Amino acid sequence: MMDLPSWKTLLHLASSRKLEQRTIAERVFSNTGAADFLAAAASPKSFPNFNGLPEVIVTGRANAGKSTLLNAVLGRKALLHTSSKAGRTRELNFYRVGEEPGHLILVDAPGYGARGRIEWGRLFDAYLDTRKELRRVYILFNAKHGLNEFDRQMLQHLSQKLISTDGTQPWTLQSVITKADLVPTSQLSNTISRMRKEIFEASPLCLPPLITSCEMNPPFGIEKVRENIAQACQLV
């Protein structure tokens with residue numbers, strides 16, 4: 001009879017696996033200078049072809065801090081333009097991670113909510129429905145503002161698209177809580193617990209949120225996001 005591994009062995013294997021994932025993610029995102037804007041698409045006909053590179057797309061309400069988070073993930077200060085005026089992103093913007101031909105493609109989607117537009121939603125849906133390279137959708141929530149009805153509707157909408165008509169799940173859904181530093185420390189735990197519960201209620205298949213803050217020094221949670229993206233794209 002084959003001996004079963006001890007719990008110490010299992011813990012060691014798990015720790016080694018996490019270290020391997022972190023090392024690979026660091027390598028994927030290490031050359032920050034190589035990250036580059038490649039294309040913008042205002043219609044499905046203009047979706048670019050990147051020879052099958054895996055893709056992830058990031059969405060969120062207009063004040064969720066998408067550009068700030070993505071700049072931090074890419075290791076750049078201003079590759080994505082940040083603005084105090086919400087709704088600046090109006091197309092799908094495609095960014096290469098790594099030197100040519102790249103490790104993966106990161107896609108920045110227009111924000112949804114009160115400042116969103118119907119045509120942006122149609123563009124986003126067309127991408128979800130047709131993009132075979134898509135591996136994971138990231139949906140961002142501002143810790144200071146919590147979830148509102150637009151967020152719940154988007155989570156429910158994405159849940160409906162998670163399972164295709166043939167019963168398969170072509171991509172996964174990952175939540176991210178941003179701007180955690182804007183919540184008083186004494187309230188942060190309850191805030192995160194409440195948001196985690198609301199996310200699950202709206203979309204049970206959505207992966208538990210990653211917690212981030214780009215204003216902390218060093219930024220908090222960015223390495224976890226990088227590891228998550230690398231894992232989603234099956235680079236680890």
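## Strand β6 and its surroundings

Q174 stands opposite L207, a residue of β7. This is a predicted model in which local features need pLDDT of at least 70 and side-chain atom pairs count only at pLDDT 80 or more, while totals for chains, interfaces and linings use all residues. Residues are numbered from 1 along each chain as its sequence is written, and side-chain values use heavy atoms, with hydrogens and water left out.

Helices (H or I, at least four residues) and strands (E, at least two) are DSSP runs, numbered from the N terminus. Two strands pair if DSSP finds at least two bridges between them. By that rule β6 pairs with β7: three bridges join these strands, which run parallel. Between them the chain passes through α5, and this β-α-β crossover from β6 to β7 is right-handed. The term right-handed applies if, with the strands pointing away from the viewer, the path from the first strand over the helix to the second runs clockwise.

β6 also pairs with β5 (residues 134-142); seven bridges link these two parallel strands. One residue pair here is L140 with its bridge partner V176 in β6. The route from β5 to β6 leads through helix α4 (residues 149-162), again as a right-handed β-α-β crossover.

Six of the seven residues of β6 are buried, so the strand is mostly covered. Buried means under 20% relative accessible area, exposed over 50%, and partly exposed in between (1.4 Å probe, protein chains only).

The loop between β6 (172-178) and α5 (185-202) contains K179. The phi angle of K179 is near 55°, a positive value in a residue other than glycine. K179 is partly exposed, with a relative accessible area of 29%. Another such case is Q234, in the segment after α6; its phi is near 60°, also positive in a residue other than glycine. Q234 counts as exposed, at 67% relative accessibility.

Cis peptide bonds are listed in the table.

| Bond | Omega | Place of the proline |
|---|---|---|
| E100 and P101, cis | about 0° | P101: loop between β3 (92-97) and β4 (104-108) |
| N217 and P218, cis | about 0° | P218: loop between β7 (207-211) and α6 (222-232) |

The second of these rows leads back to β7, as P218 lies in the loop between β7 and α6.
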